[in-house]
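I opened this entry to look up charged pairs and the nonpolar interior, and I keep my notes in the order in which I checked them.

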Amino acid sequence: MVAKWNVPSVGSPAGTNAYSSIWPGIGSGKASSNQLLQAGSEQDISWQYVLHYGWEATTSYYLWWEAYPFNAQQQVNIAVSPGQTIFVNVAYYGSSTAHYYIKNESTGVATSFDASFSGGFTGLNAEWIVERTQVGNNYPPLADFNNTTFSDANAEQGSTWNGVGNWSHNYLDMYDWHNDDSEVTDAYPGPISSGNTFTLYWSNYGDTDAVNT
């Protein structure tokens, strides 16, 4: 499966560390018998209070890959900045081996490699996701990414290659439950156009003790 997107610039209120990940992937990652093979971009912002100056923000942008839950997020040695275009191809080769192709199309720098993992893979679903990165066992605020658009969102099963809009598909909003148990939407997808293009929109930073995302 493949995807292309522009890396967004992120922000948050002073003093609020916030995180975001954008990625396509195949599999579910719900058990070691069905790994989630994914690669994407990370967009984070952290704050430090400087005496006699005030709050100072630091942003972090990088590319990564993962075979979850076998391993944690692995950073890719390709520089990336907001506004640049990323292309990712993730495939399963069989025998617990995944193939990754990750390219910064704005700079022309790319990497291609295979990765073996322990566990199984069914490959029954493909995903194109924007989410907040889990830190430890907690869900921190979702960085304000404004919006980002997936294009070339295509997947292959067997010998059939189609855009996401031409497969049976589901739209999922990202939400969490606040302490008052009211549901708040943090991010949501727009409609699919041309069979393989859609935009995801930021809506809320979310609650730091959320039980659902």
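**Salt bridges, then the core**

I first looked up E105 and found that E105 forms a salt bridge with K4, with the closest N and O atoms 3.4 Å apart; the term stands for a side-chain nitrogen of Lys or Arg within 4 Å of a carboxyl oxygen of Asp or Glu. Because E105 sits in the loop between strand 7 (97–104) and strand 8 (109–116) while K4 belongs to strand 1 (residues 2–6), this pair ties together parts that are 101 residues apart in sequence. I took strands as DSSP runs of E, at least two residues long, numbered from the N terminus.

The model is predicted, so I noted that local features need pLDDT of at least 70 and side-chain atom pairs pLDDT 80 or more, whereas totals for chains, interfaces and linings use all residues. Residues are numbered from 1 along each chain as its sequence is written, and side-chain values use heavy atoms, leaving out hydrogens and water.

I then followed K4 to D152, where a salt bridge again has its closest N and O atoms 3.4 Å apart. D152 lies in strand 10 (residues 147–157) and K4 in strand 1, so the pair ties together parts that are 148 residues apart in sequence. Shared partners join K4, E105 and D152 into one network, and I count two salt bridges by this rule.

For the interior, I looked up W65 and listed its contacts (heavy atoms within 4.5 Å): not counting residues up to four places away in sequence, W65 touches eleven residues including Q38, Y100, I102 and F113.

How values were computed. Helices (H or I, at least four residues) and strands (E, at least two) are DSSP runs, numbered from the N terminus.
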